[in-house]
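Trainee: I have the sequence and the model open, and I would like to know what the descriptive terms rest on. Can we take them one at a time?

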Amino acid sequence: MNDKFETHEHDVLIIGAGGAGLRAAIEALGHGASVGIVCKSLLGKAHTVMAEGGIAAAMANVDAADDWRTHFGDTMRGGKFLNNWRMAQIHAQEAPDRVRELEQWGALFDRTDDGRILQRAFGGHSFKRLCHVGDRTGLEMIRTLQDRGVQMGIDVYMECTITRLLSDAGRISGAFGYWRENGRFVVFKAKSIVLATGGIGKAWPITSNSWEYTGDGMALAYEAGAELMDMEFVQFHPTGMVWPPGVQGLLVTEAVRGEGGILRNKNGERFMERYDPKRMELSTRDVVARAIYTEVKEGRGTEHGGAFLDISHKPAEYVKRKLPSMYHQFLELADVDITKGPMEVGPTCHYMMGGVRVEAETAASTLPGLFAAGEVAAGLHGANRLGGNSLSDLLVFGRRAGVAAAEYAKKQSVASVDSAQIDAAEREALAPFERSTNENPYMLHADLQQTMQSLVGIFRIEQDLQSALGKIAALKERAQRLSISGSRMFNPGWHLCADLKSMLTVSEAVTLCALARKESRGAHSRLDFPKFDPIWGKQNNIISRRGGEMSLQQRPTPEMPQELQKLVDGEKGAGA
Amino acid sequence: MPNVTLRIFRGDRESGKTADYEIPLTPGMVVLDALHYVQKYQAADLAVRWNCKAGKCGSCSAEVNGRPRLTCKTRMDSLPQDKPITILPMKSFPVIKDLVTDVSWNYKVNKKIPAFQPRPGTDWKMWQKDVDRVQEFRKCIECFLCQNVCHVLRDHDKHEEFGGPRFFVRIAGLEMHPLDGVSRTALLKKELGLGLCNITKCCTEVCPEEIHITNNAIIPLKERVVDEFYDPVLRLVRKIRGA
Amino acid sequence: MASASQTAYQAARTGSWWTQVVPVVVILGGFGAYATWRAFEGAYFWAAPYLSPFYSPLIDIHHRYWPYSPALLILGGPLGFRATCYYYRKAYYRAFFLDPGACAVPERKRDYSGETRFPFILQNAHRYFMYVAIIFLAFLWHDAIGAFRFPDGFGIGVGTLVLLANVILLSLYFGSCHSLRHLLGGKLDCFSCSKFGGARHSTWKSLSFLNEHHMLFAWASLFSVGFADFYVRLVSSGAIRDLRIL
Ligand SMILES: Cc1cc2nc3c(=O)[nH]c(=O)nc-3n(C[C@H](O)[C@H](O)[C@H](O)COP(=O)(O)OP(=O)(O)OC[C@H]3O[C@@H](n4cnc5c(N)ncnc54)[C@H](O)[C@@H]3O)c2cc1C
Ligand code: SF4
Ligand code: SF4
Ligand code: FES
Ligand code: FES
């Protein structure tokens, strides 16, 4: 063993221990692979734990008319037909089984009167479709998966950050990272790797995302040579907290609207009537977010620059039972009793539709041996994700990635890890300690966030995006001068240096794609191109690394087979 | 708004002492915000764990003015501001650095607990009235504050013989699962030291999820252990039935 | 365990921990002293139609087999019930054993075995005391109803109300008992799959509701028992006269 770093070897290495990573681990293990799973936080603290509203699956427990076809149609329509149709189909077909599986592993969902899993309404879903546990569905899901995985015997490497993927002759050979606890380096050798690292929200200041969401997976994949797709589609959730300052951006679950919450502006108008009279508050997220943003911009916002969201017309007991954590969150953090008065809410950066480009069936990226599932992968959600479709995504494609990675690993011999790559990664990681340039990572982060918020936000326009590109380039320059004091022992400032590298990469990709897409579609709204463009509706933006530079191309979306086309055509008239 | 002083433990496994940081208060500020302020402007290497900032993930546990709390849910305006606010790492676990402690012991205990196993032949129907009770236990966010405050661990260091309230909650959730078919009472008595708990309820007092740990999990489990091991009449009944 | 010193934790904790402990020591201690004295006194427990709860059921009043106070014959029942009660255990472990004095307050280092060894392992017998308590409750109800029967027929005196209130509070205390809650429903894993599951579920729900207030009932019934006895003694010894309301 090398004295500078420790080494671990697995058939399949999974980076990320949220819903997608854990589900993949369980499956790969079930297929006989030896599996290691790495995560930046403690086990069980990944973003999945925060998901509130529910898991979308057409189980038809509440609305008997629901089936996968409707779910498929809703997903495609929500994604403005930019989705990979095959992913949307697999997702809709397999989600119910994946949910049942959770139950068989001990999860306890809320029940219907006849003893089945209860489902609730959510934005953009034609039927009551979200299987839930009050407003802590994600907690139930991650605990169930975690307990299952631990029982099956996965090796968990907690509080370990991967900073580089290692490759050998065009295929994956392992990953390099450091232990957050003591700063020591670690190398994982693996035949295949599943990325399940989640999203990128930390590049914006107002976000529902935690410190972990720095886009590491996408940056890692990009650096290693895989393609990214649809990076312009960043979902701003319409309802984040806006006051007090410390909690700005914290999520107010869509379940509030699902349970009957009403949006009003400061004049008391139910303004959704003007934006989507048919679906009102339960319109898709992109529409509601833009509506609130516009109300505020036009001077009809609340005192702290948001809209009022009111659920107090429902019985207090009902609210406390169905939305317990919202009730406590507002009472304790904002001094607002939501059973008595309205909440103040505004858009918050929430979810990344884009990400690593993968094959629908296997979740394989364009780099052999590298797979991606969950929020880090692109394709399923197209231009806009429906609430609840993420948790089901994690289960469906987490499982598929696990199978595929295990199968792939069976066919491979151990690849060798290249010590030059490891040396480079080490040098890069340690560089901030050796500089005394006084470039503080926290300040750099704040500046990046400011740039993204003001120039690459909900509404975008050519000159803003151009100027954002310039600023990002300047920030990248500054990132070369980051310096840090203290030791390698659990040093958050140092950790942020590594995270910043990823954030800068994905920020650049988002901005490039946003600049290229000269139309408005789903979460991507261009003030200078406010309409759909049929040509853009048939192509994806693809980011890849060419000669050390980020390059962008367009690629046509896969053609949907006739019978599926019929499904969405038929529905188009009825629904949207 | 006024400034306040934070008195934060700085140190590692071997040694350490508190250091004072003065920070400006903002409306609605929580202790975690204050720590982040210190990180950003005064001590970039201050080690703190956090994720959700909304009391959902259980990462940010520490002891604020001697009380085990989630720092993301502790409002600064709920604390006296004329004196320094002391923030120490959880006492029952070894310090890694500053406010970050080594909680790996908890994960080891967790491994000893047999997972959910359905009774054979179930049709997977469950009713809310059966599920309600268990859902309370499933609310646990694994902040380990109960483990930290429990005197069996905190003062008597019984980490080897005792599982701690968090895992009694977990086991209660499994034992009372309407479809579970395994018994963990022997484990509770023999390996996880349920008897060491003297039901003094500090775990319940600190639980941010307001789980009635003692009344709804521990005491019912103690009763189940009595059923199995200490009740001579029930033993006899089982013998007769079994024979 | 932590490298921050014990004293740092001691100094950090604001507020004084003994404020919770002192009332428990005073009240439990006071009650204990009073009850012991009264039990040994062996007199002034009967003032027709009132019987002090300390002496109920009244056994061998004429000292045929037992030369001492008849209270001593029966005291073990209620005492054992309370001593092994889950709530009182908490209260006295904290107040008398400082195990812990209050939460997050440093404790003396010593050999600690919780309830795993003698004598505290006997706490596991609580359910048996609960069974016994049913008998006592029956007698106390009998006494309370008897307290309406004056030599001149039906009537209500202040003492009647005192005894009635006492037995109601004692019943609530009993009804909120953890062992009872376990026995009548809590021990089931699946109400819907069990015989009489519906009834047992609703029983369990009601008992759970009472159980949430077990501490309140524990104290209230402690006061009422003490007071009922005190009242009977006052009347019996002639210190005051019972007031007839009806
Ligand atoms: C507040 C909130 C509420 C939500 N509610 C819902 C909902 O109701 N329904 C729904 O469907 N969706 C919801 N979502 C979205 C959904 O929760 C997430 O998209 C989903 O959980 C992502 O899961 P994941 O498995 O892809 O990643 P995560 O669960 O975020 O896990 C990412 C993992 O990757 C690890 N990781 C990241 N980078 C590295 C690295 N460099 N090295 C090692 N490990 C790394 C992290 O430590 C973590 O373990 C919500 C999101 C938020 C923020
Ligand atoms: S009630 Fe038991 S488990 Fe809870 S803190 Fe007290 S001794 Fe520990
Ligand atoms: S039971 Fe409560 S205090 Fe204990 S770990 Fe869970 S949430 Fe935290
Ligand atoms: S940060 Fe998640 S609970 Fe405090
Ligand atoms: S628990 Fe207090 S009387 Fe049974």
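Trainee: Why are H9(B) and H8(C) called roughly perpendicular to each other?

Mentor: Helix H9 (residues 213–230) of chain B and helix H8 (residues 178–186) of chain C pack at an angle of about 75 degrees. Angles under 35 degrees count as roughly parallel, over 145 as roughly antiparallel, 65 to 115 as roughly perpendicular and the rest as oblique. The angle of about 75 degrees lies in the range 65 to 115, and therefore H9(B) and H8(C) are roughly perpendicular. Their axes are 10 Å apart. An axis here is a line fitted to C-alpha atoms, for helices over the stretch in contact, and the angle runs from 0 to 180 degrees between N-to-C directions. The helices themselves are DSSP runs (H or I, at least four residues), as strands are (E, at least two), numbered from the N terminus.

Mentor: Before going on, note that this is a predicted model, in which local features need pLDDT of at least 70 and side-chain atom pairs pLDDT 80 or more, while totals for chains, interfaces and linings use all residues. Residues are numbered from 1 along each chain as its sequence is written, chains are lettered from A and ligands numbered from 1 in the order in which they are written, and side-chain values use heavy atoms, with hydrogens and water left out.

Trainee: Which residues of H9(B) and H8(C) meet?

Mentor: Contact means heavy atoms within 4.5 Å. From H9(B) the residues include Asn215(B), Ile219(B), Glu223(B) and Asp227(B), and from H8(C) they include His178(C), Arg181(C) and Gly186(C). By class, the contact of H9(B) with H8(C) has two nonpolar, six polar and four charged residues. Ala, Val, Leu, Ile, Met, Phe, Trp, Tyr, Cys and Pro count as nonpolar, Asp, Glu, Lys and Arg as charged, and the others, Gly among them, as polar.

Trainee: What makes H13(A) roughly antiparallel to H14(A)?

Mentor: Helix H13 (residues 441–455) of chain A and helix H14 (residues 462–479) of chain A have axes that come within 10 Å and cross at roughly 170 degrees. That angle makes H13(A) roughly antiparallel to H14(A). Among the residues of H13(A) that meet H14(A) are Leu444(A), Leu448(A) and Met452(A). The contact of H13(A) with H14(A) divides into 10 nonpolar, three polar and four charged residues.

Trainee: Why is the pair Lys222(B) and Glu115(C) called a salt bridge?

Mentor: A salt bridge is a side-chain nitrogen of Lys or Arg within 4 Å of a carboxyl oxygen of Asp or Glu. In the pair of Lys222(B) and Glu115(C), the closest N and O atoms are 2.7 Å apart, so the pair fits the rule. Across the interface of chain B and chain C the rule finds six salt bridges. In that interface, 60 residues of chain B are in contact with 54 residues of chain C.

Trainee: How much area do chain B and chain C bury between them?

Mentor: About 4800 Å², 52% of it on carbon and sulfur atoms. Buried area is the accessible area (1.4 Å probe) that two parts lose on being put together, summed over both. In chain B, Lys91(B), Arg133(B) and Glu223(B) lose the most area to chain C, together 13% of what that side buries.

Trainee: How many salt bridges are there between chain A and chain B?

Mentor: The count is seven. The side chains of Glu52(A) and Lys56(B) meet in a salt bridge at 2.3 Å, N to O. Chain A and chain B bury about 4800 Å² between them, 54% of it on carbon and sulfur atoms.

Trainee: Where does the division of chain B into domains come from?

Mentor: Domain bounds come from an automatic or database domain assignment. Chain B is divided into domain 1 (3–100) and domain 2 (104–241), with 31 Å between their centres, taken over C-alpha atoms. Domain 1 of chain B and domain 2 of chain B bury about 1200 Å² between them, and the count between them is one salt bridge.

Trainee: What is the salt bridge count between domain 1 of chain A and domain 2 of chain A?

Mentor: Zero. These two domains of chain A bury about 440 Å² between them, 74% of it on carbon and sulfur atoms.
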